[in-house]
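Biologist: Please take one strand of this model and show me closely how it sits among its neighbours. Then follow the trail from there.

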Amino acid sequence: MAHERQPQGKGVCWTLSLWSVAVVSILLLSACFIASCVLTYQLTMDNPNGRLSERHTNHSSISCVSVGTMVSGKAWSCCPKDWKSFGPNCYFISTTSVASWKKSKGKCSSMGAHLLVIHSKEEQDFITRILDKQTAYFIGLRDPGHRQWRWVDKTPYNKSATFWHKGEPNNENEQCVVINHRPAGWGWNDVFCNHGHSSVCQMNKIYL
Ligand code: MMA
Ligand code: CA
């Protein structure tokens with residue numbers, strides 16, 4: 001009897017290990033799916049359980065991806081719907097509205113954001129890939145006087161990470177800055193602050 005059970009025992013063991021492999025694979029696949037899946041939260045203003053902070057409640061919908069680690073205690077990094085994600089930031093390109101620098105700045109503020117601040121060529125390249133070559137966009141750089149360039153988010157103006165067009169800045173009376181395309185490529189130009197231009201807003205990603 002005992003020696004007859006031997007092959008059956010082996011069969012059970014084989015079936016069991018097949019099942020474990022299947023279960024482990026399914027678990028791994030689900031983990032990967034959850035980790036990589038893009039989730040869209042519908043958090044509306046009147047959602048009593050909305051976990052968005054006050055300054056983000058003006059966004060009716062946000063899109064989140066898993067950040068993979070719980071090191072900071074936050075599981076998702078999110079950008080408002082229709083904003084672009086790059087590194088730790090979200091970017092919004094105003095396509096319709098043309099306004100003065102001050103008005104453009106105010107529009108970003110009302111969305112819990114600020115005008116675009118550029119700190120690297122990589123960041124500039126990312127954003128310019130989604131900009132229109134025929135359009136000039138205000139960025140968050142301004143000169144309060146005497147060519148003292150200041151970023152709106154108070155980060156230091158680092159001369160070695162500036163991308164002025166050749167020959168720019170060229171006019172002390174042009175105290176605001178646009179990014180636009182010229183035959184040599186994308187770059188910055190000082191312009192009059194009260195002239196109307198499109199703009200790009202930027203904000204830190206929202207962590208949930
Ligand atoms: C030229 C050039 C710029 C200046 C703008 C103002 C088209 O570019 O002189 O430096 O800012 O004119 O419109
Ligand atoms: Ca200029």
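Modeller: F138 stands opposite S199 in β11. This is a predicted model: local features need pLDDT of at least 70, side-chain atom pairs count only at pLDDT 80 or more, and totals for chains, interfaces and linings use all residues. Residues are numbered from 1 along each chain as its sequence is written, chains are lettered from A and ligands numbered from 1 in the order in which they are written, and side-chain values use heavy atoms, without hydrogens or water.

Start with the strand itself. β11 spans residues 197-204. Strands are DSSP runs of E, at least two residues, and helices are runs of H or I, at least four; both are numbered from the N terminus. Two strands pair if DSSP finds at least two bridges between them.

Now the neighbours. β7 (residues 137-142) runs parallel to β11, joined by two bridges. β5 (residues 89-99) is antiparallel to β11 and shares seven bridges with it. There, C90 has M203 as its bridge partner. β6 (residues 114-115) is also antiparallel to β11, over two bridges. H114 of chain position 114 is matched with Q202 in β11.

How enclosed is the strand? Seven of the eight residues of β11 are buried, so the rest of the structure largely encloses it. Buried means under 20% relative accessible area, exposed over 50%, and partly exposed in between (1.4 Å probe, protein chains only).

β11 also feeds the largest nonpolar core, giving it two or more residues. Such a core is a set of buried Ala, Val, Leu, Ile, Met, Phe, Trp, Tyr and Cys residues joined through side-chain atoms within 4.5 Å. This one has 21 residues, and C78, W83 and L208 touch the most other members. Other elements giving two or more residues are β2 (62-66), β3 (76-80), α2 (101-110) and β9 (176-182). β3 gives the largest share, three residues. A second, separate core has 20 residues, including F126, I127, I179 and W186.

The trail ends at the calcium ion (ligand 2). Its protein donors are E168 (OE), N170 (OD1), E174 (OE), N189 (OD1), D190 (O) and D190 (OD), at 2.2 to 2.6 Å. Donors are N, O and S atoms within 2.8 Å of the metal (3.2 Å for Na, K and Ca); water is not among the atoms, so sites may look incomplete. E168 lies in the loop between β8 (150-151) and β9, and N189 in β10 (residues 185-191), so the pair ties together parts 21 residues apart in sequence. E168 and N189 are both buried.
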